[in-house]
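Please open the structure in your viewer and keep the selection tool handy. We will go stop by stop, with something to select each time.

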Amino acid sequence: MGYWKGGTVSVYGYGGGIIPRFSEVGAAFPESKEFHTLRVQPPAGNHYSTGMLRQLADSWERWGSGLVTFHGQTGNIMFIGTTTENTQHFFDEINDYGWDLGGAGPCVRTAMSCVGAARCEMSCTNEQKAHRLLVNNFTDDVHRPALPYKFKFKVSGCPNDCQNAVERADFAVIGTWRDDMKVDQEAVKGYLDTKGRQYIIDNVITRCPTNAISLNDDDTIAVNNKDCVRCMHCLNVMPKALKVGDDKGVTILIGGKRTLKIGDLMGTVVVPFKKLETEEDWESIVELAEEIIDFWAENALEHERCGEMIERVGLMNFLEGIEVEVDPNMVSHPRECSYVRMDGWDEEAVKWFDRQAEAS
């Protein structure tokens, strides 16, 4: 017999955000009767003041066990261990000074975003704004579970993807750039002087997955930007010499998840590049999320993640359902076989070139 069983616990007006734990041996050990966990949404980018952390800790000491976890893959602050009665008291107290419960159950889950431009020179977008816009728009779907299963947003400011968005988010926003990488040749020579030529060859040049970077005889670096796949390795090794470009935007991938009905899936590129500069740009990313969640809610089977639905109904049907045009830069995963189906490719290619001509 396991020592814990589930149940239903919620606060007034909410349908999720609490993981109930009732003890199977509560009669023998009365203090173990209830030990619920509350999921609380973190601030965008996980920015806290020490005063706010102390305030949260004091509230939890008052109404719970004092045991807190910052942050698992869910992104939530996990307040572990309280009774059904004290759950409401704790929520009321922290809600009064600005905190809200996260998602649990078949709902939009707690979103995550990296620290971004606040501390990272690789940032290519406004991570915190993307996070807050998406969460604020779907707050009802976080608190009142009514979806086939979970749906998660994650925002990473560059292709390093410190939030594991591509692998773990149904809707991943990844900052990127589409012009040339910036190279400071004087800084390159500084790395050569301190690290040595062989170190740069072994740790930068030969580790480029597409051989897009080379070291010249005059100790300058040349980058073939058309072949660069934004793996970020060279920028991470030589951050003073190599920097992201100026034409920044985001790539949006849909359907990443861990094993459920089928094995692990990485996100499929649905929007290869999107500028986020005007308010209309920001509104359009929220509208896309609404279209995707609506299509998934209508067409998914019970307990089926968005990526699994796409695998079942087909990417073309999914793109048609959310009214997104086919683009040759949409990538699910690298090609595994040299025998490629090209049905309808010519027609789609003509449409794509026509769109490119209109845009220019």
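What follows is a walk through a predicted model, from a small sheet to a pair of crossing helices.

**Stop 1: the four-stranded sheet**

Begin with the open sheet of 4 strands, whose order is 2-4-6-5 and whose pairing is antiparallel. Which strands stand at the edges? Select strand 2 (18-19) and strand 5 (67-69): each has a single partner strand, so one side of each is left without a neighbour in the sheet.

Now add strand 6 (residues 77-80) to strand 5; the two run antiparallel and are joined by 3 bridges. To see one such pairing, pick Val 68 and its bridge partner in strand 6, Phe 79.

Next, show helix 1 (residues 50-63). Helix 1 lies across strand 4 (37-40), strand 5 and strand 6, and runs at about 25 degrees to strand 6.

**Stop 2: Gln 88**

Move on to helix 2 (residues 84-96) and select Gln 88 within it. Is Gln 88 buried or exposed? Its relative accessible area is 14%, under the 20% cut-off, so Gln 88 counts as buried. Show the side chain of Gln 88 and look for the backbone nitrogen of Tyr 12, which the side chain reaches at 3.0 Å. Beyond residues up to four places away in sequence, Gln 88 touches Ser 10, Val 11 and Tyr 12.

**Stop 3: Met 112**

Select strand 7 (residues 112-113), where you will find Met 112. Met 112 is also buried, at 12% relative accessibility. Leaving aside neighbours within four places in sequence, the contacts of Met 112 include Gly 72, Gln 73, Thr 74 and Gly 75, along with His 131 and Gln 163. Phe 153 is also among the contacts of Met 112, and Phe 153 leads us to the next stop.

**Stop 4: strand 9 and its partners**

Select strand 8 (residues 153-156) together with strand 9 (171-177). These two strands run parallel and are joined by 4 bridges; in strand 9, Phe 171 is the bridge partner of Phe 153.

How many of the residues of strand 9 are buried? The count is 7 of 7, and both faces are covered. Colour Phe 171, Val 173, Gly 175 and Trp 177 for one side, then Ala 172, Ile 174 and Thr 176 for the other.

Now add strand 14 (residues 248-254), which runs antiparallel to strand 9 and is joined to it by 7 bridges. Two pairs are worth picking here: Val 173 stands opposite Ile 252, and Gly 175 stands opposite Val 250. Strand 14 is mostly covered too, with 6 of its 7 residues buried.

Carry on to strand 15 (residues 268-274), which pairs with strand 14 in the antiparallel sense over 4 bridges. Here, select Ile 254 and its bridge partner in strand 15, Thr 268.

**Stop 5: helices 6 and 7**

To get there from Met 112, jump to Tyr 191: the two are 79 residues apart in sequence and 35 Å apart in space, C-alpha to C-alpha.

Select helix 6 (residues 185-195) and helix 7 (residues 197-205). Their axes come within 6 Å and cross at roughly 110 degrees, which means that helix 6 is roughly perpendicular to helix 7. Show the side chains that make the contact: Tyr 191, Leu 192 and Lys 195 come from helix 6, while Arg 197, Tyr 199 and Ile 200 come from helix 7. Colour these residues by type and you will have 4 nonpolar, no polar and 2 charged.

Definitions and conventions:
Residues numbered from 1 in each chain as written. Predicted model: local features only at pLDDT ≥ 70, side-chain atom pairs only at ≥ 80, totals over all residues. Heavy atoms only, no water. Axes fitted to C-alpha atoms, helices over the stretch in contact; angles between N-to-C directions. Parallel < 35°, antiparallel > 145°, perpendicular 65-115°, else oblique. Contact = heavy atoms within 4.5 Å. Nonpolar A, V, L, I, M, F, W, Y, C, P; charged D, E, K, R; others polar. Buried < 20%, exposed > 50% of the residue type's maximum accessible area, 1.4 Å probe, protein only. Pairing = 2+ DSSP bridges. Polar contact = N/O pair within 3.5 Å; in protein donor to acceptor, adjacent residues only side chain to side chain.
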